Amino acid sequence: MDPELRDRWLERAERRLSSGGMRAGAVRTAVVELLARDGQCLVSAQEITEWLKAAGVGSPASVYRVLDQLFALGLLHRVEGRDGIARYEIADPHHHHHHIVDSRTGTVDAFTDEALEAAIADVARRLGFRLDGHDVILRGIKER
């Protein structure tokens, strides 16, 4: 866990949520704090629900509602897995990585690659775009 990323995202989330006029309830507060701590790479709504259930906070419907709000405000990235499960991670312009999914096991690993970043920037430039974000998800079978 990156404490600087956690604190920066928490501050941004609180600003966006309060400016959006949304009430701060116990479930929202718990989800935001949990994501700041454990959501720096992909977590499912089910995992979040289980963690909060263990703490005696919220219901699955409440968790999904908060995740939808955070996603709509641009505070989360959502990755749809081939298993039909959406996974979330905090969105931060200074924290960027991509994902590779093992099609056999469903295992998701994060990675960074400077050559890939340069190629993406080059494509955007050639097409006349100034990028404000991008996502890359690679899928395949891990060779042993």
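## Helices, sheets and pockets in a predicted model

Let's start with a pair of helices: the axes of α1 (residues 3-19) and α2 (residues 26-38) come within 9 Å of each other and cross at roughly 150 degrees. That makes α1 roughly antiparallel to α2; angles over 145 degrees get that label, under 35 count as roughly parallel, 65 to 115 as roughly perpendicular, and the rest as oblique. The axes here are lines fitted to C-alpha atoms, for helices over the stretch in contact, and the angles run from 0 to 180 degrees between N-to-C directions. As for handedness, α1 passes α2 in a right-handed crossing, meaning that the near helix is turned clockwise from the far one by less than a right angle, while anticlockwise would be left-handed.

Before going on, note that this is a predicted model, where local features need pLDDT of at least 70 and side-chain atom pairs count only at pLDDT 80 or more, while totals for chains, interfaces and linings use all residues. Residues are numbered from 1 along each chain as its sequence is written, and side-chain values use heavy atoms, with hydrogens and water left out.

**The overall layout**

The protein chain has five helices and six strands. Both kinds of element are DSSP runs numbered from the N terminus: helices are H or I with at least four residues, strands are E with at least two. Reading from the N terminus, the order is α-α-β-α-α-β-β-β-β-α-β. The C-alpha trace spans about 45 × 40 × 25 Å along its principal axes.

Now for another helix pair. The axes of α3 (residues 45-54) and α4 (residues 60-72) come within 10 Å and cross at roughly 125 degrees, which makes α3 oblique to α4. Here too the crossing is described as right-handed, with α3 passing α4.

**Two sheets**

One open sheet has three strands in the order β1-β3-β2, with antiparallel pairing. Its edge strands are β1 (43-44) and β2, and each pairs on one side only. Strands count as paired if DSSP finds at least two bridges between them. Between β2 and β3, which run antiparallel, there are five bridges. One bridge to look for pairs V79 with R87 in β3.

Another open sheet, also of three strands, runs β5-β4-β6 with mixed pairing. Why does one side of β5 (108-111) and of β6 (137-140) lack a neighbour in the sheet? Both stand at the edges with a single partner strand each, so one side is left free of a neighbour. Neighbouring strands in this sheet are turned by 25 degrees against each other on average, direction ignored.

Strand β4 (residues 98-102) pairs with β5 in the antiparallel sense over four bridges. V101 has V108 of β5 as its bridge partner, and I100 has D109 of β5. Together β4 and β5 form a hairpin with five residues between them, and G106 in the turn has a positive phi of about 85 degrees.

**Two pockets**

A pocket is found on a 1 Å grid over the protein atoms alone: it is an open set of points with protein on both sides within 12 Å along at least five of seven lines, whereas a cavity is a set where a 1.4 Å probe fits but cannot get out, and lining residues have an atom within 4 Å of a point. Grid points are joined across faces, edges and corners, and the volume is the space filled by probe spheres set on the points.

| Pocket | Volume |
|---|---|
| Largest pocket | about 370 Å³ |
| Second largest pocket | about 200 Å³ |

Which residues come closest to the centre of the largest pocket? Of its 22 lining residues, they are H77, H95, H96, H134 and D135. The strands β2 (76-80), β3 (86-90) and β4 each supply at least two lining residues, and β2 gives the largest share, three residues. By class, this lining divides into six nonpolar, ten polar and six charged residues. Nonpolar means Ala, Val, Leu, Ile, Met, Phe, Trp, Tyr, Cys and Pro; charged means Asp, Glu, Lys and Arg; the others, Gly among them, are polar.

The second largest pocket is lined by 16 residues, with G81, R82, D83, V101 and G106 nearest its centre. Two or more residues of this lining come from each of β2, β4 and β6, and β4 gives the most, with three. The lining of the second largest pocket has six nonpolar, four polar and six charged residues. So V101, the bridge partner of V108, and G106, from the hairpin turn, turn up again beside this pocket's centre.
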